[in-house]
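Here's a quick briefing to read alongside the model. Have the viewer open and follow along.

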Amino acid sequence: TIVVIAAVSSNLLINQLIVSVNRTHLADARIRALVGNSPDTILEIDRHGKIVFDNRLAGPFFGKHVREVFPADQVDSVLEVIQHAFTSGEPQAIELRALTPDGGVSWDSLRIGPVKSGDQTTSLTVTLTDVTAQREADRRIRESEERHRLISSVTSDYTFSTRIDGEGNMSLNW
């Protein structure tokens, strides 16, 4: 009977291990899917500035150095922020131009977070969010505001703008 109990106990333990491994595998697959399908670029950077992970399917940044991902005039700013994140162990944020995998340039918001082992920062996660469209919209708004300010400052007469609605009624716009 001792052998039977040990075999049953052993089978229960094996079944528990299988269930645990399956749960871990599903959790890992779910995390990979979430990170892989993110609209943002997610990178992991080691202490030498080398990209050791990126979430893009083709891996356009994997194995490259940070210097290869940002325009030359932005590299010093990026390296300074990265060094500060490693030194302080605190999250950092910066907005700057970056090179896209197809060779173009975009404006990106970078959020940098330390990956720690105990008190030691071992690597950094960097999330790049493309803010090019937002920056373009902001630029257009500033230009429009400046145009209206200039018109208002150079005229001595009353200046206004009207709008005509769908029914042909005129209303004051500004």
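What follows goes from the whole chain down to one helix and then to a cluster of charged side chains.

Keep in mind that this is a predicted model. The chain has three helices and seven strands, and the two stretches worth zooming in on here are helix H2 (residues 72-88) and helix H3 (residues 132-154).

**The chain overall**

- Reading from the N terminus, the order of elements is α-β-β-α-β-β-β-α-β-β.
- The chain has 174 residues, and 25% of them are buried.
- If you count contacts with a separation of 6 or more, 32% are between residues 24 or more positions apart.
- Accessible surface adds up to about 12300 Å², and carbon and sulfur atoms supply 56% of that.
- Seven salt bridges turn up when the whole structure is searched.

**Helix H2 and its two sides**

- H2 is 17 residues long and spans 25 Å from first C-alpha to last, close to the 24 Å you'd expect at 1.5 Å a residue.
- Which residues of H2 are buried? They are Gln74, Val75, Val78, Val81, Ile82, Ala85 and Phe86.
- These buried residues sit on the same side of H2, because the arc they cover around the axis is only 140 degrees.
- As for what they pack against, the partners are strand S1 (41-45), strand S3 (92-99), strand S4 (105-117) and strand S5 (120-130).
- Flip to the face turned away from the buried side and you'll find Asp73, Asp76, Glu80 and Thr87, which are exposed.
- Just past the end of H2, glycine 89 adopts a positive phi of about 70 degrees.

**The salt-bridge network in H3**

- Glu136, Arg139, Arg140 and Glu143 are tied together in a network of salt bridges.
- Start with arginine 139 and glutamate 136, whose side chains form a salt bridge at 2.2 Å, N to O.
- Those two are three residues apart in H3, so about one helical turn separates them.
- Next comes arginine 140, which also bridges to glutamate 136, with 3.2 Å between the closest N and O atoms.
- Here the spacing is four residues in H3, again about one helical turn.
- The third link joins glutamate 143 to arginine 139, with the closest N and O atoms 2.4 Å apart.
- Glutamate 143 and arginine 139 are likewise four residues apart in H3, or about one turn of the helix.
- Why does this spacing suit side chains that meet? An α-helix has 3.6 residues a turn, so residues three or four places apart point the same way.

**How open the network is to the outside**

- Buried or exposed: where does arginine 140 fall? Arginine 140 is exposed, at 52% relative accessible area.
- Arginine 139 counts as partly exposed because its relative accessibility is 31%.
- Glutamate 136, which pairs with arginine 139 and arginine 140, is partly exposed at 28% relative accessibility.
- Glutamate 143 is partly exposed too, with a relative accessible area of 40%.

Key
Residues are numbered from 1 along each chain as its sequence is written. This is a predicted model: local features need pLDDT of at least 70, side-chain atom pairs count only at pLDDT 80 or more; totals for chains, interfaces and linings use all residues. Side-chain values use heavy atoms; hydrogens and water are left out. The expected span of a helix is 1.5 Å times one less than its number of residues. Buried means under 20% relative accessible area, exposed over 50%, partly exposed in between (1.4 Å probe, protein chains only). The arc is that of the directions from the helix axis to the C-beta atoms. Contact means heavy atoms within 4.5 Å. Accessible areas come from the Shrake-Rupley method with a 1.4 Å probe; for residues, only the protein chains shown count as cover. A salt bridge is a side-chain nitrogen of Lys or Arg within 4 Å of a carboxyl oxygen of Asp or Glu.
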